[in-house]
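Colleague: Hey, have you got a few minutes to walk me through this one? I'd like to go piece by piece.

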Amino acid sequence: PSAIYLKDYTVPDFLIDKTELTFELEEANVLVTSRLHMRRNALSSDKVASLVLDGGDEMKLIGVAIDNVSLSADEYQITNQSLEIFSAPNEFVLTCETLVEPQNNTRLEGLYRSSSMFCTQCEAEGFRHITYYLDRPDVMSVFTTTIIGDEEKYPVMLSNGNEVERGKTEDGKTVVTWHDPFKKPAYLFALVAGNLAVQDDVFKTKSGRVVTLRIFTEHHNLEKVDYAMGALKRSMKWDEDVYGREYDLDIFMVVAVDDFNMGAMENKGLNIFNSSCLLASPETTTDDAYLRIEAIVAHEYFHNWSGNRVTCRDWFQLSLKEGFTVFRDQTFSSDMHSETVKRVEDVSFLRTAQFAEDAGPMAHPVRPESFIEISNFYTLTVYEKGSEIVRMIYTLLGEQAFRKGSDLYFDRHDGQAVTCDDFVAAMEDASGVDLSQFKRWYSQAGTPELLFESKYSVTDKTLKLVVKQTTPPTPGQESKLPLHIPIKLGLISKDGNELESTYSGETAQEHVLHLKSEEATFEFSGVDSEPVPSILRGFSAPVKYEYAYSTEELLLLMSSDSDGFNRWNAAQQLAVRELKSLIHQIKNGEPLADQSDLVKGFKSLLLNEELDPAMVALILELPSQAYLSELEKEIDPHAIHSALTHLTKVIANALKEEFSATYMNNVESTVYEPNAIQIAKRALKNIALHYWVESDDVTALESLNEQFSNSDNMTDQYAALSIAVEAGVEKADVMLATFYDQWLHESLVVNKWLTLSASQENVDGLKRVEELMSHPAFDIKNPNKVRAVLGGMGRSVQVFHKEDGSGYRYLADQIIYLNKRNPQLASRICTPLTRWKKYKSSLGDLMKLELERIQKEDLSKDVYEVITKSLN
Ligand code: B3K
Ligand code: ZN
């Protein structure tokens, strides 16, 4: 396999104005006929005669014709990735007939079957597995799709756009034709057929058009779509209010499928969802899942403008649509719920997972310069860091200019396939802000590191803040240039008040500093007393930073900072310090500290009833194993795990009474609703229960049992079960078994059971994992189930990181098994092994051995790229 490069981009030699597709659905195969209205691209400099179309080797070409004249075998050539027609006219209709076998498609890209239905996944390069095509996003075409099938088996037959015709064939089959008036790249094509139930609704747009909304599921799931429907309507309204974007077709359809490689897909007018990201009911869905469903429904809907109406020129520009759309969905969720809570959750995820990616062998810029397999680049960097870039532009421009910029972008590029540079240019043109240096964020990989030092002068009442920035080297990028980094900052007095200060002529309590050079000094005057700086408020840039806060200063920020994000962050920093020193003690066989400065801070949080319970719950949560791993120079997973367990116990024992009282005070008797107030109370109640149980109080165990057995909602039941499993309480196994028996008919709940069962800490846990993988509830063809078990196993330090390497070997076996069957999934589950260099050598060496073993196989492009880059 070889890499392709952004620098080699050229415009397509041919264009496809119209695409007419016919699908004849049969059980054994599907005959696809395409009629492509093509012409030469006047902008192409290449005047070669031949036309090269993309196509996968599992398709069978039945016939090919130009202007209805069949081509003979010497007029074209098929390779395993393309169809070359040696001589093509300037303008013509190309007809292709291909035969595909969806029931044998285990890769879940192109046309495949999930349960009994037909469905598609075409992004990024799946369409070429349906028919030969110019499968690249800058070839945009108007699609008309006809589906022919047996009405009994496929009463529902859907494609993009509006249904324009319906009839019968001579042999009694149903024929449905869909037409999508908006031109689009093939990656946005979709087809669904099956015996599905539907829920209808309507949305009236701001200009008064009535749009039909339809959510399709398998019949037994129909009662689980209400929440998604509500989320969809909220998203449509929000996009009108906040971005002025109205929906553009008469119908918007969403379909839930069980077998899906990722979360969901924004096909024009016909979104397809992994059922785990769409279906919800109080009894089966946790609060977190409700919030995720709302965010994903919004994300896919928002793509209608940021992605579909304006799309990407090439896949290197993926963040153009993904980074922007993540920013849009994050802001939406923040507007629907709590801004601070949402920000904390997003940053916590970014710092844990994206920072780790940026420090690993797959590190790449938000706009990558090369790739072997594009599927590997649907990454946290492209999505989450990409969103942070858009957020920084928002910070630099301010709300109004940003809106002007987005209006200009949508206006200027409607119907086009464009680049990240075009996005930035629209922002610059609308605002007059110079973003030329800022654009380095798109091309430089790695997480920048900032070092802050401050000096206060009592006599002048000035504060000098010295900031240095560096970005560590990443594969292929040895040295980095300084970035333009917006730093939002406030100053807090020692008694906890916000201080005013004057910076660059402006007097305010908060300033945005522009760090552009490797080192800069910012001077604030009129600072009445020596302040504690509140740095990087709201996490105004995706960077790591250091400032030598004393413990007292962190406790002060934790209780008094007006910036909620930084209150949380101060608690995190304190916890990280204590955990790091515990890790150190563990590694050196020293006795472990049995006191914690966090206790004081946590106690005042628990006793203060004025505070937002959601914030308190977040602050009480210790940094995760994964986040601590990211921070460590050399990861010793066992030491990190022991440190976390120890600190949890210290806090639990010191605040037993407070946790039990907090638990009791937050037990709700009202009917479950996934609203912000209830979610917050449940979060606080359940983290209190977690500590309380860890204190080994017998009454805590009674409450745990009671909550597990009698909750009317999955959030509380699952919280009780997870706490039992994590704390290793005696009854954990019995509870797991009870849980399975209760929910064995609910596949999505069974997945949660698989995860928890696989994550149990136990040195012999691998046996359990093996049992789960051969359990009747398991299905290797279903990516959710594979991720549930292997993801669960990955969380267990004693199973995955067992010193004999058996955990790594087991994961490698699964990668090898899935490599050809589902390359996208196989490549994703490689991630934990790719970080081998960061682990202490006794573990890292074992991981490396497994990577080398995988490398010897005949690898798919997906797995090949990840394994080779990791071993480099
Ligand atoms: N655009 C899709 C992701 C497609 C992934 C292809 N491997 C979902 C989303 O980001 O909205
Ligand atoms: Zn997306």
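Modeller: Sure, one term to start with: a residue is buried if 20 or more other C-beta atoms lie within 10 Å of its own, exposed if 12 or fewer, and partly exposed in between, with C-beta atoms placed from the backbone. Leu598 is buried on that count, with 27 other C-beta atoms within 10 Å.

Colleague: Before we go on, what kind of model is this, and how is everything numbered?

Modeller: This is a predicted model, where local features need pLDDT of at least 70, side-chain atom pairs count only at pLDDT 80 or more, and totals for chains, interfaces and linings use all residues. Residues are numbered from 1 along each chain as its sequence is written, while chains are lettered from A and ligands numbered from 1 in the order in which they are written.

Colleague: Ok, back to Leu598. Which helix does Leu598 lie in?

Modeller: Leu598 is part of helix H11. Helices (H or I, at least four residues) and strands (E, at least two) are DSSP runs, numbered from the N terminus.

Colleague: And which residues is Leu598 in contact with, leaving aside neighbours within four places in sequence?

Modeller: Those are Leu574, Ala575, Glu578 and Ile651. Being in contact takes C-beta atoms, placed from the backbone, that lie within 7 Å of each other.

Colleague: H11 comes up again with H9, right? What covers the buried residues of H9?

Modeller: The cover includes S27, S33, helix H10 (564–587) and helix H11 (598–607). The buried residues in H9, which spans residues 551–560, are Leu554, Leu556, Leu557 and Met558.

Colleague: Let's do S27 then. Why is strand S27 largely enclosed by the rest of the structure?

Modeller: Seven of its nine residues are buried, so S27 (residues 485–493) is largely enclosed by the rest of the structure.

Colleague: Which strands do bridges join to S27?

Modeller: Strand S31 (residues 510–515) is joined to S27 by six bridges, strand S33 (residues 531–535) by five, and strand S28 (residues 498–499) by two. S27 runs antiparallel to S31, to S33 and to S28. Two strands pair if DSSP finds at least two bridges between them.

Colleague: Can you give me some actual partners?

Modeller: Ile487 has Leu513 in S31 as its bridge partner, and Leu491 has Pro533 in S33. For Ile492, the partner is Glu498 in S28.

Colleague: How many residues sit between S27 and S28 in the hairpin?

Modeller: There are four, and Gly496 in that turn has a positive phi of about 90°.

Colleague: Is Glu498 buried or partly exposed?

Modeller: Glu498 counts as partly exposed, because it has 18 C-beta neighbours inside 10 Å. Beyond its neighbours within four places in sequence, Glu498 is in contact with Gly490, Ile492, Gln509 and Ser562. Its C-alpha atom is 7.7 Å from that of Asp561, which is 63 residues away along the chain.

Colleague: Does UniProt have a name for this stretch? What does it list for residues 446–547?

Modeller: An unreviewed UniProt entry lists them as "domain: Peptidase M1 alanyl aminopeptidase Ig-like fold". UniProt positions are given in the numbering used here, feature names are shortened, and annotations may be inferred rather than shown by experiment. In the model, the chain over residues 446–547 is 0% helix and 54% strand, and the end C-alpha atoms are 20 Å apart.

Colleague: New topic: the ligand. Which residues are around ligand 1?

Modeller: They are Glu123, Ala124, Met262, Ala264, Met265, Glu266, His299, Glu300, His303, Glu322, Ser375 and Tyr378. Strand S20 (264–265) and helix H2 (287–302) are the elements that give two or more residues to this shell. A residue is near a molecule or strand if its C-beta atom, placed from the backbone, lies within 6 Å of it.

Colleague: Where does S20 stand in its sheet?

Modeller: The open sheet has five strands in the order S17-S18-S19-S21-S20, with mixed pairing. Strand S17 (197–204) and S20 stand at the edges, each with a single partner strand, so one side of each is left without a neighbour in the sheet. Two bridges join S20 to strand S21 (residues 270–274), and the two run antiparallel. Met265, from the ligand shell, stands opposite Ile272 in S21.

How values were computed: Contact = placed C-beta atoms within 7 Å.
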